Amino acid sequence: MAISTLPPSGMRDFLPAELTRRRYVESVIRRVYESFGFVPVETPAIENLTTLLGKYGEEGDQLLFRILHRRDKLARALQHSPVEEKDLAEMGLRYDLTVPLARLIANSKDLPRFFKRYQIQLVWRADRPGRGRFREFQQCDVDITGTTSLVAEAEVCAAVAKVLLELGFKEFQIHLNHRQLLRCLISAAGLRPDQEETALVAVDKMDKIGEDGVLKELQTRGIPEASASLLLELLRRPEGLDEAGELARLETRLSGIEGASAHIAQLRELLAISTHTPAGSHLRIDATLARGLGYYTGPIFEIRSALFGGSLGGGGRYDNLIGMFRGQTIPAVGFSIGFERLVLVMEEKGLFGKLAAGPEVMLCRFEDVAPAEALKIAHGLRDAGLNVEVYPETPKLGKQLAYAESAGARIAAILGASEVQAGNITLKNLTTGEQATTPTGDAPARIRSWLTG
RNA sequence: GACAGAGUAGCACAAUGGUAGUGCACUAGAUUGUGGAUCUAGCCGUUGCGGGUUCGAGCCCCGUCUCUGUCCCCA
């Protein structure tokens with residue numbers, strides 16, 4: 001019976017051309033993040049389930065990949081009767097990079113007071129794969145811990161906005177809301193605190209199913225029509241109202257609700273201090289934005305674009321998460337870029353320029369040249385800083401040149417007995433067809449001028 | 001988890017229920033120190049898998065698996 005050669009569902013192999021594009025995007029992200037003073041960390045792919053469980057909400061817990069006990073431990077677990085899921089595993093694959101960061105912060109003693117870290121690693125979710133959705137995918141997070149200052153929010157928003165701009169995205173919005181403000185809206189609509197969660201889930205779908213859809217969903221979830229209608233009315237943003245106007249409207253509507261004006265003031269300040277950052281013109285107040293993850297406590301963000309039907313990234317403030325691992329509460333805010341979706345959209349829209357995946361130089365030789373001679377010269381070129389591949393066999397030259405072309409080489413270095421004898425090398429520019437024979441020592445300079453020209 | 005669509009050569013796709021084909025790619029030659037073009041020849045298949053209907057199934061029916069899309073949820 002044949003073994004399937006496909007990778008597991010929702011997981012992918014990457015061939016050189018695609019991987020080169022991914023590396024390019026990564027390099028832009030790294031450079032931009034570092035320009036903001038973020039420093040890199042990495043954490044293990046596997047975390048203890050005690051770390052992961054209870055941080056993402058019920059649905060998130062369901063989507064964790066768990067790692068089964070091995071050998072004796074598994075045998076013992078199976079003897080429980082009845083066997084319960086929690087007996088079978090104590091570790092799982094990380095679901096995001098935020099919770100591992102919180103654990104790391106709680107576990108570390110000598111971190112800077114304001115720890116600005118970035119992290120580009122894989123995460124795993126046992127989700128059903130779809131367009132731009134995978135079971136193994138890369139996240140690119142920036143987070144700032146140790147301050148409640150809105151400068152932190154502004155900086156993470158600016159960092160991701162700058163990444164998008166540098167990658168060639170022009171039309172995108174960073175939707176902005178506040179978790180506590182949502183809470184105020186829900187209580188202003190007369191909903192009980194225990195209905196908050198269901199209300200948020202329904203409200204979050206506003207973009208997709210519209211007001212009627214949300215109203216219907218709220219009612220089927222047991223929320224009285226009067227409250228549901230009031231909530232929708234509170235959320236309704238009049239056409240043409242700008243960000244300041246929307247905040248003023250919300251402030252008026254929530255004038256009797258405790259704390260509301262303070263949350264609105266935060267959003268107002270965040271907009272103000274972001275004015276001259278790359279995020280400034282992309283921020284949009286969106287009172288319907290909820291975000292699923294359970295740990296957010298303050299401002300929340302989500303990147304939207306007409307180029308992709310879902311979110312291109314998201315984040316927010318989570319002041320209580322680190323405290324779940326350690327008595328001391330440490331405030332934090334972060335933003336995660338949907339790397340896979342950026343790459344997907346960039347491929348669809350042709351935002352990648354030409355990116356070379358192959359060697360710069362292909363060393364070809366005739367059969368009257370010994371392999372040792374070819375390898376010696378290849379190493380000389382490599383020592384000069386060039387990427388050189390040696391054609392391993394000696395078929396006729398046409399075949400070697402065709403291969404050089406298909407491998408992505410831009411220059412062929414051709415070696416025959418006559419060149420070796422004279423201490424020369426023949427160079428052929430595969431792009432222009434131009435050809436020249438030069439002393440071996442001059443070859444790197446000539447190659448370099450062709451590569452840059 | 002729900003619904004829809006699709007699975008045919010390495011890839012992209014054809015084929016009224018009647019001999020499974022075309023293009024690209026690949027190999028060789030035309031062309032023994034110069035690639036991309038052209039021409040010639042060659043290679044490539046248990047039509048996802050299992051059953052059924054039929055004289056006969058890639059095509060119709062049932063089941064199953066996988067993939068794609070939408071929903072849900074998310075990045």
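## Walking out from Ile174

Let's start at one residue and work outwards. Setting aside its neighbours within four places in sequence, Ile174 is in contact with Cys157, Ala161, Ala279, His282, Leu283, Arg284, Phe301 and Ile303; being in contact here means that the two C-beta atoms, placed from the backbone, lie within 7 Å. What you're looking at is a predicted model, with local features needing pLDDT of at least 70 and side-chain atom pairs counting only at pLDDT 80 or more, while totals for chains, interfaces and linings use all residues. Residues are numbered from 1 along each chain as its sequence is written, and chains are lettered from A and ligands numbered from 1 in the order in which they are written.

Ile174 belongs to the largest nonpolar core, a set of 83 residues in which Val156, Cys157, Ala159, Val160, Ile174, Leu185 and Ala199 have the most contacts. To count as a core, residues must be buried Ala, Val, Leu, Ile, Met, Phe, Trp, Tyr or Cys, joined through C-beta atoms within 7 Å. As for "buried", that takes 20 or more other C-beta atoms within 10 Å of the residue's own, placed from the backbone (12 or fewer makes it exposed, anything in between partly exposed). The top contributor to this core is helix H7 (residues 150–166), with 11 residues. There is also a second, separate core of 23 residues, and Ala374, Leu381, Val388 and Ile447 are among its members.

Now zoom out. Chain A has 18 helices and 16 strands, all of them DSSP runs numbered from the N terminus (helices are H or I with at least four residues, strands E with at least two). Its radius of gyration is 28 Å, whereas a compact globule of 453 residues would come in near 22 Å; that's taken over C-alpha atoms, and the globule rule is 2.2 Å times the number of residues to the power 0.38. Along the principal axes, the C-alpha atoms fill a box of roughly 90 × 65 × 45 Å. Some 34% of the 453 residues count as buried.

Back to the neighbourhood of Leu185, which sits in helix H8 (residues 179–188) and is buried there along with Arg179, Leu181, Leu182, Cys184 and Ile186. The cover over these residues includes strand E7 (173–178), helix H9 (196–203), helix H11 (225–235), helix H13 (260–273) and strand E9 (299–305). Take H13: its axis and that of H8 come within 9 Å and cross at roughly 140 degrees. Axes are lines fitted to C-alpha atoms, for helices over the stretch in contact, and angles between N-to-C directions run from 0 to 180 degrees. Gln180, Leu181 and Cys184 of H8 make the contact with Ala260, His263 and Ile264 of H13. Just after H8, Gly190 takes a positive phi of about 85 degrees.

Strand E5 (residues 115–124) is another mostly covered element, with seven of its 10 residues buried. E5 pairs with E6 in the antiparallel sense over 10 bridges, where pairing asks DSSP for at least two bridges between the strands. Look for Gln121 opposite Gln139 in E6. On the parallel side, strand E1 (residues 39–40) joins E5 over two bridges, with Val39 opposite Arg117. Strand E6 (136–145) also helps to pack against the buried residues of H14, together with helix H1 (16–35), strand E10 (308–317) and strand E11 (332–337). In H14 (residues 339–349), those buried residues are Phe339, Arg341, Leu342, Val343 and Val345.

There's a small stop at an open antiparallel sheet of three strands, ordered E2-E4-E3. Strand E2 (46–48) and strand E3 (66–68) are the edges, each with a single partner strand, so one side of each has no neighbour in the sheet. Neighbouring strands are turned by 40 degrees against each other on average, direction ignored.

Finally, follow the chain to an open sheet of five strands with mixed pairing, ordered E13-E12-E14-E15-E16. Its edge strands, each pairing on one side only, are strand E13 (388–390) and strand E16 (435–439). Here the average turn between neighbouring strands is 25 degrees, direction ignored. Strand E12 (residues 361–365) pairs with E13 in the parallel sense over three bridges, and Leu363 has Val390 as its bridge partner. Helix H16 (residues 397–406) packs on the sheet, touching E12 and strand E14 (411–415), and its direction makes about 170 degrees with that of E12. Helix H18 (residues 443–452) lies across E12, E14, strand E15 (424–429) and E16, running at about 5 degrees to E15.
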